[in-house]
Every structure is written in C-alpha cells, then in structure tokens.
Amino acid sequence: MSPTVAGPGPETTAAAPAAADAAGAAAREALAWAHGARFQTTASRLDQLPADELPEIAFVGRSNAGKSSAINALVQQRRLAFASKTPGRTQHINLFALGPREQPDARWADLPGYGYAAVERAAKLRWQQVMADYLQQRPQLRGIVLLVDSRLGLTELDRRLLDFVAERVHTGQVRLLVLLTKADKLSRRDAEAALAAASAALGELAGEAADIGLALFSATARTGLGDVAATLHGWVHPAPPA
Ligand code: GDP
C-alpha cells in the first residue's frame, strides 16, 4: 500500500483486525509451545543444574502467590507445577523442558516459593542463598516471571528478591514480567489501583535497556494467558533481524 494513502480512514480501521489476528496467531503458537512443557529435573544446588546453553525463564514468588496455578494454566496441564509441591521438592529448583522433545529450545525453572513461615530458619537462609545465586549468576537466565498476589501487591520479600536481580534487569541482561495474580478476585477499580501501585514500585528498576512488563493475570479466568505465553516465547525465540 502506498504511504500516501495511509492515515485516518478505512486503512486504519482495517489494520486493527489484522494486528489482532497477528497477536492471536502469536499467542496460539506460544501456547502450543508452552503446552509441550515436561518435567526435566530437580536441583537443590546450582552445580546440579544442567550445564548446556539452553535459555531459562525463572518463575518466582511468595508461597501462595499463585505460581503453580499460573504455570499449570500456561502449560495447560493440570499437575505439572504441582510436581514442585511434592515432598522433597518444595525447596528445589524444578526444571521443565520446552520445545521439540529431541531438541528442547528452552527451560522454565520453578523456584521455591519464599516467605513460607513453616520453613525452619537455617533452611530458609540456605534457600535464599541458592535462589539469590541462581538469579544473580545463572548465565542461562533470560527472564524472570515474578508472581504477586494482586490483593497484596509487592511485599517487602518481593522487593528483596528484586534487589538480587536489579542489576541484571536494569542492564537488560535479564527481562522481567510481573504478574498480578488472582485478578478475577478484583473489581476493575481495584485492578487499576493494583497496576498503578506495582508500576510505581517497579519504577526504580527501569532504565533504557531494561525490559519490564506488568500485567493482570488469572489462572482461573485465563486472563492474560495468551499474552503471557507470547511474551515468554518471544524472550527465547527472538525475531530474526529484518
Ligand atoms: P503457589 O504457592 O504460589 O504455587 O500458589 P498456588 O498456585 O498453589 O495457589 C495458591 C492459592 O491461590 C490456591 O488456593 C489457588 O487455588 C489460589 N489461586 C491461584 N491462582 C488463582 C486465580 O487465578 N484465581 C483465584 N481465584 N485463585 C487462585
């Protein structure tokens, strides 16, 4: 189409459905990719993690934030992330492989939920260290999905976790997507207030090179599912240069 005819008019209205179709196609492709997720391995120390170069996306959040439900919704499997809740695995990094079976193209790392009062103090400290090390040092880490209960907002513990990754996020080495979970429980007005508060709290991490996203999410109502899948898919499948 000639640029001279572009502008307000029929072309503009025709472009919207085309963009929506493209977004829908990207979401479908990403959801199909996510659906192929399978449990790979569990690790309690960094040196037990795979040494290959597959890009990783880490899921983090306070216990009860809705992390397992979000992962299960994204992969469209009822129990995948509940593997992380079975005895012996709750304080482990659980890894899921994605992409073709013979040639996986990414991994998702389900990190232990933090802030769970029943974990005894020494174990908690050890765990914080493993998580901090993973987030600060794991070279394969491309992005972090931080799950935050939309009714609580970012808590002190979430901020402390973000401190671990502030530098890598700020420089754009690691992307960040904050999901305000259980959005089905909020009125529209409360949802807007939750977004505004979280956005203000994340402002400190922003910077020219940083890629920080924020979205409402509901595993039960499937709010944000396609968009989140498309974002994560894009993190590990960058578009070829034009
Ligand atoms: P995790 O500890 O972070 O893995 O949290 P879970 O996924 O186990 O969820 C904690 C609680 O929140 C459970 O009772 C879930 O049923 C509930 N929950 C999780 N996601 C949603 C959601 O999208 N909507 C609602 N209403 N409840 C949710």
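**Close-up views of a predicted model**

With 25 C-beta neighbours inside 10 Å, Val60 passes the threshold of 20 and so counts as buried. That residue is a good place to start a tour of this model, which is predicted.

**View 1. Val60 and its surroundings in strand E2.** Val60 sits in strand E2. Looking past its neighbours within four places in sequence, we find Val60 in contact with Leu111, Ile144, Leu146 and Leu161. Tyr114 is also worth finding here: 54 residues separate it from Val60 along the chain, while their C-alpha atoms are 8.3 Å apart.

**View 2. Phe59 and the largest nonpolar core.** The largest nonpolar core has 55 residues. Ala58, Phe59, Leu74, Val148 and Leu179 are the members with the most contacts inside that core. Zooming in on Phe59, and not counting residues up to four places away in sequence, its contacts are Lys67, Ile71, Trp108, Ala109, Asp110, Leu111, Val145 and Leu147. As background, nonpolar side chains in soluble globular proteins tend to be buried together.

**View 3. The shell around the ligand.** There are 16 residues around the ligand, and Gly66, Lys67, Ser68, Ser69 and Ala219 come nearest. By character, the shell divides into 10 polar, 4 charged and 2 nonpolar residues. Which helix gives the largest share of this shell? Helix H2, spanning residues 67-75, does so with 3 residues.

**View 4. Helix H4 and its bend.** Helix H4 runs over residues 156-170. Its 15 residues should span 21 Å at 1.5 Å a residue, and the end C-alpha atoms are 20 Å apart, so the two values agree. Along the way, H4 bends by about 50° at Phe164. Just after the helix, Gly172 takes a positive phi of about 85°.

**View 5. The buried residues of H4 and what covers them.** Asp158, Leu161, Leu162, Val165 and Val169 are the buried residues of H4. Their cover includes four strands and a helix: strand E2 (56-61), strand E5 (141-149), strand E6 (175-181), strand E7 (212-216) and helix H3 (121-137). Leu161 will be familiar from the first view, where it is in contact with Val60.

**View 6. Two loop residues with positive phi.** Most residues other than glycine have a negative phi. Lys182 is not a glycine, yet it has a positive phi of about 60°. Arg222, also a residue other than glycine, has a positive phi near 60°. Lys182 lies in the loop between E6 and helix H5 (188-202), and Arg222 in the loop between E7 and helix H6 (225-236). Buried or exposed: how does Lys182 count? It has 25 C-beta neighbours inside 10 Å and therefore counts as buried. Arg222 has 13 such neighbours inside 10 Å, so it counts as partly exposed.

**View 7. Stepping back to the whole chain.** The protein has 6 helices and 7 strands. Follow the sequence and the pattern reads α-β-β-α-β-β-α-β-α-β-α-β-α. Of its 242 residues, 33% count as buried. Among contacts with a separation of 6 or more, 75% join residues 24 or more positions apart. The pair of Val60 and Tyr114 from the first view, 54 residues apart along the chain, makes a handy landmark when you return to the close-ups.

How values were computed:
Residues numbered from 1 in each chain as written. Predicted model: local features only at pLDDT ≥ 70, side-chain atom pairs only at ≥ 80, totals over all residues. Near = placed C-beta within 6 Å. Helix = DSSP H or I, 4+ residues; strand = E, 2+ residues; numbered from the N terminus. Nonpolar A, V, L, I, M, F, W, Y, C, P; charged D, E, K, R; others polar. Expected span 1.5 Å × (residues − 1). Bend = angle between axes of the 7 residues up to and from the residue. Buried ≥ 20, exposed ≤ 12 C-beta atoms within 10 Å, placed from the backbone. Contact = placed C-beta atoms within 7 Å. Core = buried A, V, L, I, M, F, W, Y, C linked by C-beta atoms within 7 Å.
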